[in-house]
Amino acid sequence: MLTLLLILVLAWLFWSGLFTPLLLIVGALSCALTVYLVRRMGYFDTQLFTPRYFVRLAGYWGWLLWEVVRSSVQVARVVLSPSLPVSPQVLKIDAEDLEPVDQVVFGNSITLTPGTLALDLHDGKLLVHTLTREGADALCQGEMKRRVAALRSV
């Protein structure tokens with residue numbers, strides 16, 4: 001809890017840039033209220049917020065960044081091609097075996113990747129729009145889903 005409070009206070013000071021007494025008091029009160037509410041919600045009662053998770057998450061973000069760059073190049077090739085070889089598809093991807101938070105991470109990761117868009121998440125099924133057949137095939141291979149599932153594994 002103390003770490004969260006310190007992070008919030010430092011973020012407040014960094015982003016506000018103003019150090020008048022009123023703003024410092026309001027910032028301190030808002031940070032304290034946030035920590036209180038987070039504690040009441042039981043936000044840190046799960047294993048999700050262990051240092052090991054954050055190390056894995058940083059590795060996942062690195063991999064996702066690479067996928068975003070790679071997909072951006074592929075989408076640029078498709079869009080700039082004179083024949084415009086698009087083959088848009090909508091497909092359902094089963095994500096029932098993922099935890100609800102992981103399903104959201106999975107859907108957001110799909111949306112961040114150019115050429116794909118998560119349209120809906122219902123009952124563990126993701127409805128995804130892809131620009132090309134290659135994008136659909138890549139999602140169906142399950143590499144992204146496997147990496148999201150690995151974030152929580154022990």
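**Close-up 1. Tryptophan 63 and tyrosine 60 in helix α3.** Tryptophan 63 has a relative accessible area of 14% and is therefore buried (under 20% relative accessible area, with exposed meaning over 50% and partly exposed in between, for a 1.4 Å probe and protein chains only). Tyrosine 60 counts as buried too, at 4% relative accessibility. Both residues lie in helix α3 (residues 51-80), 3 residues apart, about one turn of the helix; helices are DSSP runs of H or I with at least four residues, numbered from the N terminus. This is a predicted model, in which local features need pLDDT of at least 70 and side-chain atom pairs count only at pLDDT 80 or more, while totals for chains, interfaces and linings use all residues. Residues are numbered from 1 along each chain as its sequence is written, and side-chain values use heavy atoms, with hydrogens and water left out.

**Close-up 2. The rings of tyrosine 60 and tryptophan 63.** Rings of Phe, Tyr and Trp (its six-membered ring) pair if their centres lie within 6.5 Å, and planes under 30 degrees apart count as stacked, over 60 as edge-to-face and the rest as tilted. The count by this rule is 2 aromatic pairs. Tyrosine 60 and tryptophan 63 form a tilted pair, with 5.7 Å from centre to centre and 35° between the planes.

**Close-up 3. The buried residues of helix α6.** In helix α6 (residues 143-150), the buried residues are Met144, Lys145 and Val148. They lie on the same side of α6, because they cover an arc of only 100° around the axis, taken from the directions from the helix axis to the C-beta atoms.

Technical notes: Helix = DSSP H or I, 4+ residues; strand = E, 2+ residues; numbered from the N terminus.
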